[in-house]
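Hello,

As promised, here is the structure I have been going through. Please have a look at it first, and then read my notes below.

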Amino acid sequence: MTNFFRSGRMHALLFGLSFSLFAVAQRNCGSMDYLDQQIQADPDRAARLQEIESFTQTWIEEHGAEDRAVVTIPVVFHVVYANSAQNITDAKVQAQIAQLNADFARLNSDANQTPAVFAALGANTEVQFCLAQRDPNGAATTGIVRRSTTVSSFSGNDAVKYTANGGSNAWPRDSYLNIWSCNLGSSLLGYAQFPRWSRSNRWSGRSL
């Protein structure tokens with residue numbers, strides 16, 4: 001299977017996303033708190049992030065526009081639900097993919113509200129997403145995995161990313177973008193995993 005995450009642009013992506021589609025009150029993004037926890041557990045994590053940044057900048061400098069083409073990343077959506085309301089429809093998943101594509105192409109409806117300090121940097125990333133059509137074994141798939149769970153609420157500890165913990169195991173992260181939809185507690189709106197690449201091991205650490 002093609003490895004979709006080797007180009008320089010892919011190293012800048014957050015991958016292994018978890019979020020809730022059931023937010024009604026003020027909720028927060030937990031990505032930076034999650035990263036802080038990782039750095040505390042593994043002090044070399046910050047150095048590897050800087051290595052990714054350096055690699056990406058070098059790739060940009062060495063490759064002109066003629067080397068670039070739109071990259072389409074297959075997505076697997078893990079819908080982990082404890083009740084029927086959390087078992088979101090295929091249509092809602094497809095709507096989220098459509099919104100993601102609009103955002104990455106800078107075609108989102110609020111693009112004109114980009115803060116002035118970032119306005120000159122706004123651009124079409126030439127990265128798009130589609131629901132996976134083949135699973136890791138090559139069988140046809142909708143790109144949506146549904147798992148019933150007895151866990152009423154997940155936190156930012158990655159339990160939702162493991163079937164043994166009431167969640168759903170990730171598909172190979174070098175070939176798919178894994179996104180989990182679940183009921184998140186602790187005022188979490190969602191959180192994402194920064195890349196874990198290093199020169200000695202491009203994809204070290206846990207599968208997310």
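**What I found**

Let me start with a cysteine: Cys182 is buried, with a relative accessibility of 0%. Please keep in mind that the model is predicted. Cys130, by contrast, counts as partly exposed at 30% relative accessibility. As for disulfides, the structure holds 0 of them. In general terms, a disulfide is a covalent bond between the sulfur atoms of two cysteines.

Next, the charged pairs. Side chains of opposite charge can pair when their charged atoms come close. A search of the whole structure turns up 2 salt bridges. One joins Asp90 to Arg146, with 2.5 Å between the closest N and O atoms. This pair links distant parts of the chain, as Asp90 belongs to helix H3 (residues 90–104) and Arg146 to strand E5 (residues 144–148), 56 residues apart. Asp90 is partly exposed at 38% relative accessible area, and Arg146 is partly exposed at 30%.

The other salt bridge is between Lys161 and Asp158, whose closest N and O atoms are 3.1 Å apart. Are these two residues buried or exposed? Lys161 counts as buried at 1% relative accessibility, and Asp158 counts as buried at 1% too. They get that label because buried means under 20% relative accessible area.

Arg146 also brings us to Asn87, which sits in the loop between E3 and H3. The side chains of Asn87 and Arg146 are joined by a polar contact of 2.5 Å. Leaving out residues up to four places away in sequence, Asn87 touches Val79, Tyr81 and Arg146. Asn87 is partly exposed, with a relative accessible area of 27%. You may like to find Asn87 and Cys182 together in the viewer: they are 95 residues apart in sequence, and their C-alpha atoms are 8.7 Å apart in space.

Now for the rings. How many aromatic pairs does the structure hold? There are 2 aromatic pairs. Phe104 and Phe129 make an edge-to-face pair, with 4.9 Å from centre to centre and 80° between the planes. Phe104 lies in helix H3 and Phe129 in strand E4 (residues 127–131), so this pair ties together parts that are 25 residues apart in sequence. Phe104 is partly exposed at 22% relative accessible area, whereas Phe129 is buried at 5%. The rings of Trp171 and Tyr176 have centres 5.0 Å apart and planes at 80°, so they too form an edge-to-face pair. Both Trp171 and Tyr176 are buried.

Finally, the nonpolar cores. The largest has 15 residues, and Val75, Phe77, Val93 and Phe129 are those with the most contacts inside it. Strand E3 (71–81), H3, E4 and strand E6 (177–181) each give two or more residues to this core. E3 provides the largest share, 5 residues. If you want a residue to start from, try Val93: beyond its neighbours within four places in sequence, Val93 is in contact with Phe77, Val79, Ile88, Leu131 and Ile144. Another core lies apart from the largest one; this other core has 9 residues, including Phe154, Trp180, Cys182 and Tyr191.

Happy exploring, and do write back with any questions.

Best wishes

Methods. Residues numbered from 1 in each chain as written. Predicted model: local features only at pLDDT ≥ 70, side-chain atom pairs only at ≥ 80, totals over all residues. Heavy atoms only, no water. Salt bridge = Lys/Arg side-chain N within 4 Å of Asp/Glu carboxyl O. Helix = DSSP H or I, 4+ residues; strand = E, 2+ residues; numbered from the N terminus. Buried < 20%, exposed > 50% of the residue type's maximum accessible area, 1.4 Å probe, protein only. Disulfide = S-S within 2.5 Å. Phe/Tyr/Trp six-rings, centres within 6.5 Å; stacked < 30°, edge-to-face > 60°. Core = buried A, V, L, I, M, F, W, Y, C linked by side-chain atoms within 4.5 Å. Contact = heavy atoms within 4.5 Å. Polar contact = N/O pair within 3.5 Å; in protein donor to acceptor, adjacent residues only side chain to side chain.
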